[in-house]
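Thank you for making time this morning. I would like to go through how the parts of one model are put together, and I will take the contacts one at a time.

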Amino acid sequence: MALLRVTSPHAHHPANKTGWVMLQVLAATIPGIAAITWFFGWGTIVNILWASVLAVTLEALFLKLRNRPVGFYLTDYSALVTAWLLAIALPPYAPWWIVAVGIAFAILIAKQLYGGMGYNPFNPAMVGYVVLLISFPLQMTTWAEPRGVAGAELPGFWQAFQFNFGLVDRAALDGVTGATVLDVFKQNNTALVKDLWANPIFGHFGGHGQEWVNAAFLLGGLVLLARRIFTWHAPVCFLLALTVMSAAFYDGGSAASGGSPLLHLFSGATMLGAFFIVTDPVTSATSNRGRMIYGACIGVLVYVIRHWGNYPDAVAFSVLLMNFAAPLIDHYTQPRTYGHEKAGTRKAGK
Amino acid sequence: MRKTFAIHGGVHPPENKHQSVRTPIRAAGIPDELVFPLSQHIGAPAEQVVQVGDAVLKGQKIAEAQGFVSVPVHASTSGTIMAIEARTVPHASGMSGRCIVLKPDGQDRWIDHSGLADYTQAEPADLVKRIRDAGIAGMGGAGFPSAVKLGIKPGTVIETLIINGTECEPYITADDILMRERADQVIEGVKILRHIIKPKEVLIGVEDNKPEGIAALQKAAAGSGIDVVVFPTKYPSGGEKQLIQILTGKEVPSGKLPADIGVVCQNIGTTTAIYRAIVHGEPLIQRITTVTGDAVKEPQNLEVLLGTPLRHVLSVAGYEAPKADRLIVGGPMMGFAMPHADIPVVKTTNCVLAPTARELPPPPPAQACIRCGMCAEACPVSLLPQQMYWFAMSKNHDALQEHHLFDCIECGACSYVCPSSIPLVQYYRASKADIRQQEQEKRKADYSKQRYEARQARLQKLEDEKEAKRKARQEAAAAAKASSDTPSDAQAIIQAAVERTQAKKQVSADPAAAAIERAQAAREGRSIADADPLATARATVANTEKRLQTAREKLAQAEAEGSDKIDAFRTGVEKTEAKLQEAREALAKLEAEAPAATTPAADDPVQAIIERAKAKRAGQAVEEEDPVAKLERLVSSTESRIQATRDKITMAETDAPDKVDALKTGLEKLQEKLAQLNSELANARASQNSEAQ
């Protein structure tokens with residue numbers, strides 16, 4: 001038998017596999033998805049399934065066109081992660097073509113056209129989301145009302161499927177959709193914060209229902225953190241920056257207030273963004289110091305856009321903006337190498 | 001307990017050390033054939049000192065060190081040299097190298113050898129020499145000549161001597177078993193090292209996964225002042241730089257040596273080799289090698305004669321060749337996969353690993369890098385492996401060096417953790433080789449350019465010199481012409497021309513006519529040297545002044561244009577200035593001597609020479625006032641003046657010390673003049689001889 005000739009190291013960490021990392025990320029979204037389903041009905045599940053089918057099919061098709069081994073790349077499960085994250089971010093009762101356009105943009109343009117897995121400079125799910133938000137603002141801002149607030153009964157799985165695929169009149173949805181707390185804050189310029197809280201869509205400290213969804217994503221994120229799927233630097237700095245910004249502009253709860261730190265931490269896409277979007281390794285900064293800067297900048301941008309911008313939520317925009325900046329951050333945050341006095345200086349004697 | 005420091009990163013691969021420490025060290029015996037590569041260490045390969053057919057004894061030197069960073073090679077048993085040829089050597093590339101092949105005679109007869117009874121009485125330099133002569137090179141894996149590490153630059157204070165007993169690579173237990181069984185030898189070796197380099201403290205660093213070894217060492221080291229420091233197991237703590245950081249908190253600056261921060265580091269196996277070399281006079285001819293892996297039935301540590309083929313070592317441990325998927329010399333993290341088992345054990349072979357495919361599965365195809373950063377987390381020197389991977393793929397060598405590629409120790413931690421199974425280390429190795437090759441080519445190109453430029457400069461210089469000579473002749477002619485008498489001049493010129501024509505017509509058959517012509521030409525100033533040395537000197541001064549002027553102009557121009565030849569011009573100006581000075585001095589001297597130097601014949605040299613020529617024609621011997629005779633006279637007068645000056649100096653030394661220097665300068669000048677006269681005399685004699693013929 002011929003002896004294998006390969007260079008060292010000959011040993012490899014048995015549990016470290018990209019596919020396994022992705023599966024763990026998918027698993028960690030389950031508490032959040034469960035919370036969404038509990039509070040907003042089955043729409044998101046329908047979207048996730050539809051997005052998964054589309055994403056895997058499109059990815060396979062494109063890999064084939066690019067003469068890449070299809071099975072080999074599909075089993076890294078990165079297409080599924082993109083599909084799930086985008087579907088979670090969409091309004092639960094977004095029509096099927098919204099999902100299709102978003103996924104096609106994310107997989108084909110944001111990912112495969114750049115060279116596929118690992119080569120995309122922008123987070124594919126966020127590219128898909130932003131394209132949809134700009135192109136179809138009406139559909140993208142039609143959020144479901146949470147359980148206990150909605151005028152009608154929350155749709156079941158089959159009903160949700162019919163809504164999303166246009167099999168029944170979507171007018172019936174009017175009873176279950178409405179504004180989010182961040183929309184309310186955006187449009188408010190007269191009421192005090194404590195008066196806004198009279199609105200039933202507000203919960204204990206964030207949006208009704210949304211606060212629990214955020215808490216569930218936080219839980220999933222902490223599990224990933226404990227399993228060392230990513231490091232704490234980017235998400236913690238993101239949340240910290242958002243907290244500092246919202247505390248600074250809380251304004252004692254006046255009419256001009258941007259809302260309390262708790263509201264910002266537990267509303268909108270904050271926790272999903274912190275642990276599942278900001279932590280995307282491909283498009284973020286690489287060194288730990290770089291990740292801290294990257295995360296903190298996103299936190300600041302999220303608040304700036306939420307409070308002074310035109311959109312109620314801002315995770316997608318902020319992440320994409322910082323994706324642009326990631327290589328620059330990398331350039332300036334090279335760690336100090338053993339035996340070198342300063343970080344990033346050229347070899348001594350050169 | 002002593003404080004230790006943490007290193008960045010690191011990994012915890014399965015240790016797999018227990019398999020090979022179940023039995024004590026066993027001798028592997030004498031194989032059928034021993035193969036000694038001439039290069040078993042870092043540095044210049046040794047050079048053979050035996051021939052094919054020579055009978056050698058155990059411990060006999062068969063190859064001598066070449067250069068400073070090199071060590072000799074010794075026969076590990078007695079036998080006959082069968083061949084000196086290229087064989088596969090244990091190297092990552094599986095390349096061949098020059099080896100001495102020995103057929104053992106089975107008698108294992110030692111060469112005469114003896115150790116030092118008391119090394120504490122020996123000079124450190126002598127001990128270092130003995131260590132070098134014993135062929136000892138680092139036995140931990142790199143094989144750096146130990147004597148070189150111990151040859152500390154004068155003035156360097158070594159704070160800490162570190163003995164590396166970390167053995168952080170999985171599977172390997174050679175150092176562990178050595179500590180367990182031969183702790184006394186280790187400590188003795190350490191004491192010898194301490195005597196040589198006299199450090200302030202001696203530390204033996206061991207990972208906490210070797211409790212038996214640690215206990216044995218601590219027992220042996222009790223009361224010796226040698227500190228056994230235990231720290232948590234983590235790969236690659238045993239890297240020299242990492243261990244220094246763990247034990248001292250200091251980092252070896254990039255591109256520097258441990259000695260530069262007052263640390264010397266030696267492998268623990270090397271210390272026993274040093275002990276044997278100093279105390280028993282035995283060169284390094286055997287070592288402990290771990291033979292392990294699921295493809296050997298009895299994993300164990302063997303005491304192996306250097307040069308023993310892996311095949312023999314493996315068979316002693318019960319090798320099941322069909323089960324082996326690869327054959328690794330070294331550990332699973334940094335070892336080299338070998339193409340076959342006919343490769344010798346050398347000074348650095350700490351482990352032979354024969355794993356099955358299940359044990360160390362073949363690497364899966366690499367997936368795309370997702371920049372997860374696990375590699376950066378694992379890197380013990382805080383590099384950004386994933387960034388370097390992108391730069392390596394795009395062959396961006398500048399960026400690679402900015403990311404400190406050459407600080408990578410190739411420990412393999414990044415590849416080990418990579419979830420995409422990217423062979424990162426391989427990319428870095430290839431890039432390092434590429435960059436080294438490029439630098440070598442660049443050096444070659446630079447060298448060629450330098451050679452070309454030097455040649456151009458040389459040719460230019462020759463050309464310039466020619467030009468300067470031509471000019472000098474021209475100037476001298478003009479100057480002499482200007483200073484000669486005018487009225488009879490025109491006539492003389494005409495006369496000379498007539499004479500020349502006649503001489504030509506006679507086809508130089510008439511030496512007298514030729515001589516007349518020469519004399520007249522001399523008067524005309526063509527050949528001033530014979531006519532008037534004073535005029536020559538004046539002309540030289542004038543000419544040199546002119547040249548200096550030209551050179552200064554050129555320099556000014558070059559400076560104005562920022563030409564790269566400024567330096568050359570500047571040197572030219574300086575040289576010309578020096579020459580001018582010289583010429584002026586010569587002139588001054590001549591002017592001072594002029595009245596004395598006037599010879600009777602100088603009244604009308606032309607007439608005298610014409611007379612001489614006529615006499616010659618008549619066959620008369622011409623003795624007096626011949627140039628040779630004149631020079632001889634000058635030589636003797638100069639010699640007498642030198643003698644006089646010497647006498648004066650002797651007198652001055654007692655009477656007037658302050659004048660001694662001036663007199664000495666005068667003496668030197670006279671001596672110079674004498675030398676010049678002597679050479680002129682020799683020339684004159686030579687030319688007279690050729691004329692006479």
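The domains I will speak of have bounds that come from an automatic or database domain assignment. On that basis chain A is divided into domain 1 (17-178) and domain 2 (181-331), and the C-alpha centres of these two domains of chain A lie 21 Å apart.

Before going further, some ground rules: this is a predicted model, in which local features need pLDDT of at least 70 and side-chain atom pairs count only at pLDDT 80 or more, while totals for chains, interfaces and linings use all residues. Residues are numbered from 1 along each chain as its sequence is written, chains are lettered from A and ligands numbered from 1 in the order in which they are written, and side-chain values use heavy atoms, with hydrogens and water left out.

Let me stay with chain A. Taking contact to mean heavy atoms within 4.5 Å, domain 1 of chain A brings 31 residues to its contact with domain 2 of chain A, which brings 27 residues. Buried area here is the accessible area (1.4 Å probe) that two parts lose on being put together, summed over both, and between these two domains of chain A it is about 2,500 Å², with carbon and sulfur atoms giving 80%. On the domain 1 side, F122(A), N123(A) and M126(A) supply 19% of the area buried against domain 2 of chain A, more than any other three residues. There are zero salt bridges between these domains of chain A, a salt bridge being a side-chain nitrogen of Lys or Arg within 4 Å of a carboxyl oxygen of Asp or Glu.

Now to chain B, which is divided into domain 1 (18-353), domain 2 (368-462) and domain 3 (626-693). The C-alpha centres of domain 1 and domain 2 of chain B lie 30 Å apart, and their contact takes six residues from domain 1 of chain B and nine residues from domain 2 of chain B. The area buried between these two domains of chain B is about 650 Å², of which carbon and sulfur atoms give 58%. In domain 1 of chain B the residues losing the most area to domain 2 of chain B are Q242(B), M333(B) and M334(B), together 56% of what that side buries. Between domain 1 and domain 2 of chain B, too, the count of salt bridges is zero.

What, then, does the contact between the two chains take from each of them? It takes 70 residues from chain B and 47 residues from chain A. About 5,000 Å² is buried between chain B and chain A, with carbon and sulfur atoms giving 53% of that area, and I370(B), R371(B) and H404(B) supply 14% of the area that chain B buries against chain A, more than any other three residues. R371(B) appears again in a salt bridge, where its side chain meets that of D330(A) (3.8 Å, N to O); the rule finds two salt bridges across this interface. Counting nonpolar as Ala, Val, Leu, Ile, Met, Phe, Trp, Tyr, Cys and Pro, charged as Asp, Glu, Lys and Arg, and polar as the others, Gly among them, the side of chain B that touches chain A divides into 37 nonpolar, 21 polar and 12 charged residues.
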